[in-house]
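Got your viewer open? Load the model and get ready to click along.

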Amino acid sequence: MTKQLFALPLLVGALILAACSTPAAAAANSRAARIAACPTTAPDPETQLYGEPGGLQVFISQEGIWDMLPPGREGGYGQKIFWKFPGYVWTEEQTPDLDIVAEQLDGDGYFVQTEPATNAFADSLHGSSIPTGVEFPQAGCWQITGEYRDATLTFVAWISGQAGK
């Protein structure tokens, strides 16, 4: 009987601790598991570019995990994506015809880019590039496909929106 009385407070304490920490721990473990399950695309560590040289390429940072994105206009998460293509000259094609389609791999999100691409030039971008503004409707694992001229490029990024969410 003494052993049972001694074990009872330990059991009650363990249950209280489990009840208090379970939601936060479960949420953190769930997020970490979802990120780990997302096959994010890693860029070349020197150039931060992904894609075959001589074809369509995209700048990807942070191993394809995009945190702390600003709110989008429609309630999602906004992101600028910079694309490269050989022979693209920013002064000759002000609004390049680059199409983007994205599909959420861990949910039912989907979008087609409707705003036109624009142009940029900077040494940090390795010259001319094609910036696009996109809005992911929700956080998660996204497969993004860009099409420009005769080239197509697909990559995967984790969109967490604001840090920790």
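Here is a tour that goes from the whole chain down to one residue.

**Before you click**

You're looking at a predicted model, where local features need pLDDT of at least 70, side-chain atom pairs count only at pLDDT 80 or more, and totals for chains, interfaces and linings use all residues. Residues are numbered from 1 along each chain as its sequence is written, and side-chain values use heavy atoms, with hydrogens and water left out.

**Stop 1: the whole chain**

Select the protein chain and switch to cartoon view. You should find one helix and 10 strands; here helices (H or I, at least four residues) and strands (E, at least two) are DSSP runs, numbered from the N terminus. Follow the chain along its sequence, and the helix is followed by the strands: α-β-β-β-β-β-β-β-β-β-β.

How many of the 165 residues count as buried? The share is 36%, with buried meaning under 20% relative accessible area, exposed over 50%, and partly exposed in between (1.4 Å probe, protein chains only).

Now turn on the surface. The accessible surface is about 9800 Å², and 58% of that belongs to carbon and sulfur atoms. These areas come from the Shrake-Rupley method with a 1.4 Å probe; for residues, only the protein chains shown count as cover.

**Stop 2: the mixed sheet**

Colour β3, β10, β9, β5 and β6. In that order, these five strands form an open sheet with mixed pairing; two strands pair if DSSP finds at least two bridges between them. At the edges sit β3 (65–67) and β6 (110–112), each pairing on one side only.

Next, select residues 98–104 and 140–148. These are β5 and β9, which run antiparallel and are joined by seven bridges. Want one pair to look at? Val-101 stands opposite Thr-145 in β9.

**Stop 3: the antiparallel sheet**

Pick a new colour for another open sheet of five strands, in the order β1-β2-β4-β8-β7, with antiparallel pairing. Its edge strands are β1 (49–50) and β7 (120–122), and each pairs on one side only.

Zoom in on β4 (77–84). Six of its eight residues are buried, so β4 is largely enclosed by the rest of the structure. On one pairing, β2 (residues 57–59) meets β4 in the antiparallel sense over two bridges, and Val-58 stands opposite Trp-83 in β4. On another, seven bridges join β4 to β8, also antiparallel. There, Lys-80 has Gly-133 in β8 as its bridge partner.

**Stop 4: one residue, Gln-79**

Click Gln-79, which lies in strand β4. Is Gln-79 buried or exposed? Gln-79 counts as buried because its relative accessibility is 19%. Opposite Gln-79 stands Val-134 in β8. Leaving aside neighbours within four places in sequence, Gln-79 is in contact (heavy atoms within 4.5 Å) with Trp-66, Leu-69, Thr-132, Gly-133, Val-134 and Phe-136.

**Stop 5: the largest pocket**

Go back to the surface and find the largest pocket, with a volume of about 480 Å³. On a 1 Å grid over the protein atoms alone, a pocket is an open set of points where a 1.4 Å probe fits, with protein on both sides within 12 Å along at least five of seven lines; lining residues have an atom within 4 Å of a point. The volume is the space filled by probe spheres set on the points, which are joined across faces, edges and corners.

Show Arg-73, Glu-115, Gly-133, Val-134 and Glu-135: of the 23 lining residues, these are the closest to the pocket's centre. Which element gives the most to the lining? That's β8, with five residues.
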